[in-house]
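Colleague: Could you take a close look at one part of this model for me, the contact between the two domains within a chain? Please set it beside the contact between the chains.

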Number of protein chains: 2
Amino acid sequence: MARPQEFDTNDALGKALQVFWDKGYEGTTLADLTEATGLSKSSLYGTFGDKRTLFLAAYDSYRAARAQQMKITFQQENARDAIALFFAKIIDDAASGSVSKGCMSTNQAVELAPHDAVIRERVESDFKLIETAFADAIKRGQEQGSIQSKQDAQLLAQMLIIAFPGLQVMVRAGASADSLEGGLNMMLSILD
Amino acid sequence: MARPQEFDTNDALGKALQVFWDKGYEGTTLADLTEATGLSKSSLYGTFGDKRTLFLAAYDSYRAARAQQMKITFQQENARDAIALFFAKIIDDAASGSVSKGCMSTNQAVELAPHDAVIRERVESDFKLIETAFADAIKRGQEQGSIQSKQDAQLLAQMLIIAFPGLQVMVRAGASADSLEGGLNMMLSILD
DNA sequence: AATATTCTGGACCAACCGGTCCGGAATGTG
DNA sequence: CACATTCCGGACCGGTTGGTCCAGAATATT
């Protein structure tokens, strides 16, 4: 009955996400988005609504994907390895040749969160999710013996959640993997 | 002979800085700047040049002021106290009622540094300066006994320099002082 | 093949962007 | 008091912004 959509909605959302992730909200123009997705303004608008709505959709897809990735990472049997792996992946991002975009939630914590309650809520929720994953992993590690420190799991998680955006900012600013690994390992050594 | 400037250049630069610091580069319009400084476009332009030049001047004044503050903080006799004080000041920023702007270099690491070599150089230089101050303080603390850890001072400094932007991002995103203190103290405990 | 429906490209829009410029106001000097 | 000099408000500019809209192309159904 109707003409079918010629493009893949999810694919277009993913392309838009890459731009927002890289350039931020303000730094991204509609021209950037049409170029990246290959769509015209009207298709973009008809499908996703205005710029902000598109941004939120893209950001939410990012958040869901990252949450899923994290979940998988923390399924690692050895809890201490899981935590180390989680951070190692961030640093790997710095080592890979291409320009690193860091973590979008961290970027948004800086760009929009201070003046946009909707974004701030999402950012806080993301950090909380990670902190909880840390805390759970630490408790598990303390039970299984992979984490020998008897320190309070919640406090240890609060320490790690500070390191997370720290690393992400460093990666986005162009720090080398080498210079980050040393400091990270030192911090993780407190788990032993 | 000539009509004297009616405004204080440094004062105007400071006002402009506040806006850039709060809203970022892209998020700040010339209208914001004229409103904050009370100057007209032509005065702003004649005194400081274009937006980017003004931004760099404001940013550099920020960097100089912060470097000076840091220097004073690290003059604290007890090296371990100096480090703790340095971080405590960041968290105090979160506790003070007004909206926290975080650290401008951290903000710029996210906003402009990835696509602007000039800014990136400044950001990297700032982080390096802090890392060096950490390393020096740690060595000093190890000598004087205020820092008991025998770990390599450089590695410890690399750990702390990861925490720095981490805390700043958290503060800017609106984290409470309480939730940050625990994690911070845990990290600092590695110095003991 | 005809048709109804929906997609899509690009013209179009008002508002705002950073930046320029000029004419008049203000002021220190002689 | 007159003048040279500098400051400064705001008009003005071209380009870009996010956003709207419509005419025509494309297609699943009948």
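Modeller: What follows goes through the domain contact, then the chain contact, then one loop residue.

The model is predicted. In chain A, domain 1 covers 7-65 and domain 2 covers 74-192. The C-alpha centres of these two domains of chain A are 27 Å apart. Domain 1 of chain A brings 15 residues to the contact, and domain 2 of chain A brings 17 residues. Between them about 1,400 Å² is buried, with 54% of that area coming from carbon and sulfur atoms. On the domain 1 side, A:Trp21, A:Tyr59 and A:Arg63 supply 41% of the area buried against domain 2 of chain A, more than any other three residues.

The polar part of this domain interface includes 3 salt bridges. A salt bridge links A:Arg122 to A:Asp60, with 2.8 Å between the closest N and O atoms. Residue pairs in polar contact between the two domains of chain A number 13, both residues being at pLDDT 80 or more. On the side of domain 1 of chain A that touches domain 2 of chain A, the elements giving two or more residues are α1 (9-23) and α4 (51-73) of chain A. Of these, α4(A) gives the most, with 7 residues. By residue class, that side of domain 1 consists of 8 nonpolar, 2 polar and 5 charged residues.

Now the contact between the chains. Chain A and chain B each put 40 residues into it. The area buried between chain A and chain B is about 3,200 Å², and carbon and sulfur atoms hold 75% of it. A:Val110, A:Ile162 and A:Met186 supply 21% of what chain A buries against chain B, more than any other three residues. The rule finds 0 salt bridges across this interface, and 4 residue pairs in polar contact, both at pLDDT 80 or more. Elements of chain A that give two or more residues to the side touching chain B are α1, α6 (104-111), α7 (117-144), α8 (153-173) and α9 (177-188). From α8(A) comes the largest share of that side, 14 residues. The side of chain A that touches chain B divides into 22 nonpolar, 11 polar and 7 charged residues.

Last, the loop residue. B:Ser146 sits in the loop between α7 (117-144) and α8 (153-173) of chain B. B:Ser146 counts as buried because its relative accessibility is 16%, under the 20% cut-off. Leaving out residues up to four places away in sequence, B:Ser146 touches B:Asn78, B:Ala79, B:Arg80 and B:Gly141. With B:Arg80, the side chain of B:Ser146 reaches the backbone nitrogen at 3.4 Å.

Conventions: Residues are numbered from 1 along each chain as its sequence is written. Chains are lettered from A and ligands numbered from 1 in the order in which they are written. This is a predicted model: local features need pLDDT of at least 70, side-chain atom pairs count only at pLDDT 80 or more; totals for chains, interfaces and linings use all residues. Side-chain values use heavy atoms; hydrogens and water are left out. Domain bounds come from an automatic or database domain assignment. Contact means heavy atoms within 4.5 Å. Buried area is the accessible area (1.4 Å probe) that two parts lose on being put together, summed over both. A salt bridge is a side-chain nitrogen of Lys or Arg within 4 Å of a carboxyl oxygen of Asp or Glu. A polar contact is a pair of N or O atoms within 3.5 Å; within protein, one must be able to donate a hydrogen and the other to accept it, and residues adjacent in sequence count only if both atoms are side-chain atoms. Helices (H or I, at least four residues) and strands (E, at least two) are DSSP runs, numbered from the N terminus. Ala, Val, Leu, Ile, Met, Phe, Trp, Tyr, Cys and Pro count as nonpolar, Asp, Glu, Lys and Arg as charged, and the others, Gly among them, as polar. Buried means under 20% relative accessible area, exposed over 50%, partly exposed in between (1.4 Å probe, protein chains only).
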